[in-house]
Amino acid sequence: MDRRFIESHQFPVDRVSEASSKEKQGGGRPPYWEMVFWWTRKPLASARAVIAGALLPDSISREEFMYATRLSGVEGVPHRNNPFIPARYSDIFRQARLLDPFSGFGSIPLEAIRLGVGEVVAVELLPVAYVFLKAVLEIPKWASDRGLGEKLVEDVGEWGEWVLGQLRMDGDIQELYDGDTAVYIGSWEIKCPHCGRYTPLIGNWWLARTSRVSSEESESEEEEGVRKGLFQRLAWMEPVRQGDTVHIGVVDLNKELGRTHVVARVNSKQGLVEVEGRQYRVPRPNIDARRETAICLLCNNQVGKVGGEWYVKTALREWNQNLEKYLSGQMTLRQLQDSRAMPRLLVKVKIVNGELVFEPATQQDNEKLWKALEKLRQMWGDPDIPTEPIPPYGNIGAGLRFPVHIINKWYQLFNPRQLLTLVKLVKLVREAGRKVEEEKLREGWDREKAHKYAEAVTTYLAIALVKYANYSSLIAVWNPSLIMAYSLSMRGIAMVWNWDDMVPWISWTGTYARNLKTLEEGLSYLVSAVSGSPSRVRVLLDDATTLSRLGDEKFDLIVTDPPYRDDIAYAELSDFYYVWLKRALSDVKESFGVYRLSPRFYQEAFFDEAGNEVETQWKRFAPREVSEVASRGKAFGSGVGSFEYFKRLLGESFKAMASRLREDGAIVTFYAHTSPDAWEALLEAGWLSARMRITAAHSIVTESVQRVTARGKAALDTSIVAVWRRGVAGEALAGEVYAKAVELCKDFAFRARGSGYRGPDLFVATLGCVLSQFTQYERVLGTGNSSRQGVQGLVEKYVYPAVAEAIARSLGALAPETKLSPVALFYLLSKTLLERSRAARRSMDRSTLNLFVIGTRSSLEELEKLGVIDRDGDKVILLEPGAGDDPKTLLKQLLADRGVKLGQPTIRSSIDALHILEYLAVTQPREDFLKGFKDLESKFPQHIEEAVSLAKALASALPENEAEKKAVEAMLKALGIQFKKGLESFFKEVGK
């Protein structure tokens, strides 16, 4: 079996990570990513490098590989240039066949096309992803191969303008929008159960808060919501009470002060703005959905639960029930307007001479919502209104949140004007598709080609439509940063209290007009990217657990990014797109006086084998989706969506992949997860079910390295890229493999640390190295009785602990025979892997805590009992010397916080011993220190011995500016112990 470049130590992980990180940042993003939102997309740089590395022999030099993949000189981002494969290797790519059974948004297959892989097959289960893959892969390649690429880009723009032009001339639409308004900001209002008057519910009174913060701003101020400096825009709403009505006023400081920029101090949490000695107060939100409370702005009474349910929830549900009664003719408009809740426009945002102007919405503005509703009533029963049900189980589970107690159908996520506009757009996109086909037939094209071209144009027009829906709905949040939060931005669907209503033809992020521009840019990029590629491309709608549509086809390489357990509930969430795509890409036919959707484009995506419409993705595909969504069991039973169900489906997908792999082929997976259960699932799938072994593993940064939100958290920047091959054989004892893994992977961890890996990313990177050792064997003995217990025991008792010990030994200060206790190892990992802000002790979320607890074989209860950690809400705080330059003061405070008395100390662990010795070293002369040291050593010999070993490791690993580093160095110097230069200094010297 030939060794591939990706399996060698020459594979340039550092350059791939650097390029991938730059790509995920704003200016480096591939233009086609802006076409429409999708939840996860691997950087093209990582996809390109992994595919090329998995096909090229290990004899290629690192320099030649980087040149071929455009990784050399990573000042820019590689994806902006197509790869350049040397002629002597081109046949390797031309003769190869690549499969991605979890293609998502297509990063992997797109880069395979650009590399010139002979045949590229992209598979997806869900129709929405299938259509998006067609738009990213098949259509640009089809058009480029026929010399139609530039024409297609041009026609998408022209027909998109035709759609907008027809929409603006539509009499029903013309009267619903002001000429110079770009966006309306609305919310909900409810009839107060106390005073009987209507009060708006405002989750955020800010309209604009954009700034260039001064360099003096401290992190502590950031954490408290305080910003000071030069603000480009400060504006907010305030309630104006007139009789029984709450009107909305607008305070625009820029206008009030007559300045384009304002120097201010803003405390957004307290709602205070200070400008030139004058203080302004921004109203506080009058609704808190988490606590299920609201405040009436007229009578100031709290609106809580009534009859056991939060009144706001009851009122909103009543609105949606009454809405359908009105639309179906069972209720008058007056009765509907007497509902206990209804949507209300608050502010309109205009663009005047290039500047934003905020104005209160008027009664006439709100009356336009009712006009739109009257028009919808006349259309009720039209198949273009999405009356499909949302998943009724969608209020439980990671990534799956639906307001099921308020809404039950998709159309209810839009106010009347938004809904009417989207329905009109659907009809116009459909009509544009017909006209494109008719035009091409008149030009003499054959029917098949004309239909295909019409399908292509219509697909992109439909994508512009669903992106517009994503930015203009009752769940699209108005953001005072002026960077709008779209409907699906929260990895779930939730009711919001400040929503956007965008005018479709205005140039604003998310409008149909702006979406057309981003589509043209994205499509132009794609056409250029695939132009000249010899690849054959297929996009298949298939189940990754069977790959039944591939028959007995075999592939040289399978590269994929499988689901990470409970990451995203794609089937349910992407139905937000599905209900609109299905309409725009289908026809409407009349039968016996009833109008229904009928097939036109992508029949296989929207209609079953018998020609029946597929109502929703969640009903048809959720039970087959490889993911953990526990609440699915409520609808589908038999444990559907459970962790065990997820593992079974993942195992079936690995077996299906292995069965489609040529004998000397490889499977390469991206995987990013901190949970031991998730890695247990991956091992069961790839190792036990498919009988594959990991021959190499690399940790590649696939997110921006500048994400400050990931500090101290297990929000991974890194994916483990694992190379799987056939050939597991033999058996070994778990303990023996453990020792071998620690020895081999400590060097790996050292190199990874030198490359800049920190925190959970360093842990997961080393995890890949450890897994490559354990999966070589068909059986690893001594981990449990059953296979389930065996894998669980292997991960929790051997794999994670091997990672922790390898990292500890990578610090280079522990003697080979030194065995740190679980508590000492936990403290060491926490200190060396987690970053700390200047103003606080290190903290970790539950995921990171779980990593360290399992990895060190410690227990949360014991760590708390011994005073090593403390809880602060959802965070866990490491009890360590805080921030500052005075070790003496910091250690004294720490010992007090940990309940350790200096007079006659009771040492519970080596951590107590360490901090006492550090304190003595920085407060006493050497002779007194040594005397105290010997006294403690005689009473607590094991704890003192371990404290010294721990001090050596900390002296080597901690940053130069950390107080505890100074303390342990003082301690070791007093003991006459030589210690190694800190790794930070060492890596700087190596870098030079």
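Reader: Which residues does Cys745 touch, not counting residues up to four places away in sequence?
Author: This is a predicted model: local features need pLDDT of at least 70, side-chain atom pairs count only at pLDDT 80 or more, and totals for chains, interfaces and linings use all residues. Residues are numbered from 1 along each chain as its sequence is written, and side-chain values use heavy atoms, with hydrogens and water left out. Cys745 sits in helix α24 (residues 734-754); helices (H or I, at least four residues) and strands (E, at least two) are DSSP runs, numbered from the N terminus. Its contacts (heavy atoms within 4.5 Å) are Thr766, Cys769, Val770 and Ala806.

Reader: Is Cys745 buried or exposed?
Author: Buried means under 20% relative accessible area, exposed over 50%, and partly exposed in between (1.4 Å probe, protein chains only). The relative accessible area of Cys745 is 0%. Cys745 is therefore buried.

Reader: How far apart are the C-alpha atoms of Cys745 and Ile807?
Author: Along the chain, Cys745 and Ile807 are 62 residues apart. In space, their C-alpha atoms are separated by 8.0 Å.

Reader: Which residues is Gln418 in contact with, leaving aside its neighbours within four places in sequence?
Author: Gln418 belongs to helix α14. Gln418 counts as buried, because its relative accessibility is 2%. Its C-alpha lies 8.1 Å from that of Met502, 84 residues apart in sequence. The contacts of Gln418 are Ser472, Ser473, Leu474, Trp499, Asp500 and Asp501.

Reader: How confident is the prediction: what is the mean pLDDT of the protein?
Author: pLDDT is the predictor's confidence in each residue, from 0 to 100. In this protein, 94% of residues reach 70 or more. The mean is 90.

Reader: How many contacts does the stretch 705-715 have in the model, beyond near neighbours in sequence?
Author: Residues 213-223 have a pLDDT below 50, with 19 contacts beyond near neighbours in sequence. Residues 705-715 are also below 50. Where pLDDT is low, the predicted coordinates should not be read in detail. With that caution, the contact count for 705-715 is 22.

Reader: What is the volume of the largest cavity?
Author: A cavity is a set of points on a 1 Å grid over the protein atoms alone, where a 1.4 Å probe fits but cannot get out; lining residues have an atom within 4 Å of a point. Grid points are joined across faces, edges and corners, and a volume is the space filled by probe spheres set on the points. Four cavities of 30 Å³ or more turn up in a search of the whole structure. The largest has a volume of about 480 Å³.

Reader: Which residues that line the largest cavity are the closest to its centre?
Author: Nonpolar covers Ala, Val, Leu, Ile, Met, Phe, Trp, Tyr, Cys and Pro; charged covers Asp, Glu, Lys and Arg; the others, Gly among them, are polar. The lining has 15 nonpolar, seven polar and twelve charged residues. Of its 34 residues, the closest to the centre are Phe102, Gly104, Glu124, Asp561 and Tyr570.

Reader: Which element gives the most to the lining of the second largest cavity?
Author: This cavity holds about 40 Å³ of space. Its lining has eight nonpolar, one polar and no charged residues, including Trp319, Phe414 and Asn415. Two or more residues come from each of α11 (311-327), α13 (363-379) and α14 (416-442). With three residues, the element that gives the most is α11.

Reader: How far apart are the end C-alpha atoms of helix α7?
Author: The expected span is 1.5 Å times one less than the number of residues. For the 21 residues of α7 (residues 149-169), that gives 30 Å. The model agrees, with its end C-alpha atoms at 31 Å.

Reader: What covers the buried residues of α7?
Author: The buried residues of α7 include Leu152, Asp155, Trp159 and Leu167. Their cover includes α6 (127-145), α8 (171-174), α14, α15 (447-471) and α16 (512-530).

Reader: How many residues of α33 are buried?
Author: Helix α33 (residues 941-957) should span 24 Å, and its end C-alpha atoms are 25 Å apart, which agrees. Its buried residues include Ile944, Glu946 and Leu954. The helix is largely enclosed by the rest of the structure, because the buried count among its 17 residues is twelve.

Reader: What is the phi of Tyr602?
Author: Most residues other than glycine have a negative phi. Tyr602 is in the loop between β22 (594-598) and α19 (603-606) and is buried, at 4% relative accessible area. Its phi is positive, about 55°.

Note on methods: On a 1 Å grid over the protein atoms alone, a cavity is a set of points where a 1.4 Å probe fits but cannot get out, and a pocket is an open set with protein on both sides within 12 Å along at least five of seven lines; lining residues have an atom within 4 Å of a point.
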